[in-house]
Amino acid sequence: MTIILLIAFIISLIHLSVSKRLKTYVSVLAFQGILLFGAAFIELIRINLVNLLFILLETIVIKSIAIPYFLNYLIRRNKITRESEPYLPDFISLVIVTAIIFGSFLLSGTMYTSINRLFFMAAFSGLFTGLYFIISRKKIITHVMGFLVMENGVFALTLAAGAQMPMLVNAGILLDIFASVLLLGIFVNKIGGILKEQEAGQLRNLKD
Amino acid sequence: MLGTYFTGALVISLLLLLNRKKNWNYILSVAFLILQCILTVYEFNHQGIQELKYFTADALAVILLVISCIISVPAFWHSYIYFSKGKWLPHEQSIYFSALVILLTSLSGAYLSGHIAVTWIFVELTTFSASALVYHRRNLRTLEGTWKYLFVCTVSLTLVFIGILFLTMALQQVGLKNLSYSNLLANAPLLNTFWLKIAFLFIFTGYTCKAGLVPMYTADIDAKDKAPSPAGALFSSVLLNAGFLGIFRFYLILSHTGIFSWAGQILMISGFLSIFVASVYMYKVKNIKRMFAYSSMEHIGLIMLALACGPIGFYAAILHLVLHSFTKSSLFFQTGQVYRIYKSKSVYDTGDYFRYNLAGALVLLSGFFILSALPPSGMFISEFLILRSLFESNHYWILAVVLLLLTWIIWSMGKNIFKLLFIPAVEPQEMSMEKIPPWESLSQFILLALVVYLGLNPPFAFTELIHNAIKNLPG
């Protein structure tokens, strides 16, 4: 069952690479949150109730509900046009993300581990696809979304780390996501207040 | 004590945020400085004792705490002078000081932590408080600097987190769970080197955003440029030390395994590239604060080269770190005064500094000589030891190229500083120039004198602390 969920996660990355509308990005991020919750629930069925509730909070409440709501608020508030504008055409994005997934397949094959290879594949795909989105998209809000895709990849990696997920690791992810998205959101608001079109190309004044 | 310190600092920061009266600001800042000094003295006397389950004061933590305590005093003082000379809204002042207190507290937490994930949490907190400091002037350029800093540092610290996860996997293979440094040091030879290598790559790359090394140095340069000068001084000294600490502690763990020389090679590549990039940019740069920011990059590159090179290098690296913190912070405090006089940071708009601010010009001149490691500067001793350690570990080509690059850097920096000090500006507006009293440069003279003293005649406690900090490294 976990295999299906993780494969759906990887396929959602491919979907992200060709989607044009910002709303699709937000919905796919929410969907990934639900998939990761399912995978976590199945893998960690043996742990105690408090830890399980914490993970439930983290995935469903924050990843699938709070953050998409906050992103929609930012999009509406700053009147960001609903298209995400990439530097590369969509087809090239598709090829690159497929290459990233294939590369993570090869990379996870070299890991000396008895743990399920699929977790590593999902984690590396999420990580490198997130980095790719940060590089190849023009709008600032899509930079934040690329960061969130990276965080989903990191979550898959914590599932791979084993059945004992220490509380500290959980707290770490929560701190990372929550505070980073909050602060990034505040600054997206401020940038939106000053710049008319929210393009990263306009943030070019600081150079030598 | 540590619990008291954290709660006290949190309370002070909240009060600073809510308060709008000047006198209360002074009282709260002095209270925080006293708290910081008490913590430093306490940790100095109680080394090696575990507190609050995750914090231990070892020798390196005590050295960095003392540096932080010494530099935070002029940082607060110069921040007050900065605020008294402009029209600031009260809430801007509150946010600045509150963020300053949180930055210094989270740095103390990062220095003292004995657990790798707790270090990560506190360094994450420094990112947030530092971005509040960078975003102080609220125009488009500072917004851009803050955005870049926040984004690059968050992504980099996510990479550190991934590295910590790989380390957890390495531990689980041998059945351990505890991520504290003492446990990792004791069990390092048992861990699978493949996982350790991946973990080291991720953790090192992540912490370079704080330390200002290649590859993640860019955000740091912008932050030091755009933040107010006292905040820039803190970024260049104590925040850089936190990045160094993150890298150093993991390097220490690797020293007990078979991949120590591989890790040394990684440090050497990064250090060398940092010096190279810094020298190229310093040739081109016309903004004084950016020039000093790139100079920080050069020095941390030298420190990384030293760390890769054997026992003399280890001692020299920590000595250089301490001396660099004092020198660089004093120069940043001085550039605050330069900006107040000329209202510009470019070398074209500034000049003939001796005429407008004699004490400040003397600080800049002596600071330049001390930073370039000319004798009797303490940094002459540490740089000499670094170059000697490069020679003794048979890295002759790197030594030769580094010497050439350092000469080039001294020339570029000297060109800009002598232009600032001696050659009149293109269009000086003497009417609008502020008269700065000489006693405002007193703190910088004290810091520079401290550098000379620590280099030439260091107290025994100081050298003993450095030896304790490196005693776990081989050789």
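A residue is called buried here if 20 or more other C-beta atoms lie within 10 Å of its own, exposed if 12 or fewer, and partly exposed in between, with C-beta atoms placed from the backbone. This is a predicted model, in which local features need pLDDT of at least 70 and side-chain atom pairs count only at pLDDT 80 or more, while totals for chains, interfaces and linings use all residues. Residues are numbered from 1 along each chain as its sequence is written, and chains are lettered from A and ligands numbered from 1 in the order in which they are written.

**View 1. Chain A is built from 7 helices and 0 strands.** Helices (H or I, at least four residues) and strands (E, at least two) are DSSP runs, numbered from the N terminus. Follow chain A from its N terminus and you will meet α-α-α-α-α-α-α. Of the 208 residues in chain A, 41% are buried. Among contacts in chain A with a separation of 6 or more, 74% join residues 24 or more positions apart; two residues are in contact if their C-beta atoms, placed from the backbone, lie within 7 Å.

**View 2. Chain A meets chain B.** The contact draws 28 residues from chain A and 33 residues from chain B. On the chain A side, α6 (140-160) and α7 (167-194) are the elements that give two or more residues. The largest share there, 12 residues, belongs to α7(A). By class, this side of chain A has 17 nonpolar, 7 polar and 4 charged residues (Ala, Val, Leu, Ile, Met, Phe, Trp, Tyr, Cys and Pro count as nonpolar, Asp, Glu, Lys and Arg as charged, and the others, Gly among them, as polar). The model scores ipTM 0.91 and pTM 0.93.

**View 3. Helix α6 of chain B spans residues 140-173.** From first C-alpha to last, the 34 residues of α6(B) reach 50 Å, close to the 50 Å expected at 1.5 Å a residue (1.5 Å times one less than the number of residues). Because 29 of those 34 residues are buried, α6(B) is largely enclosed by the rest of the structure. Just after α6(B), look for G175(B), with a positive phi of about 85 degrees.

**View 4. Two domains of chain B come into contact.** Domain 1 (1-257) and domain 2 (259-475) divide chain B, with bounds from an automatic or database domain assignment. Their C-alpha centres lie 21 Å apart. Domain 1 gives 42 residues to the contact and domain 2 gives 40 residues. The largest share of the domain 1 side, 13 residues, comes from α10(B).
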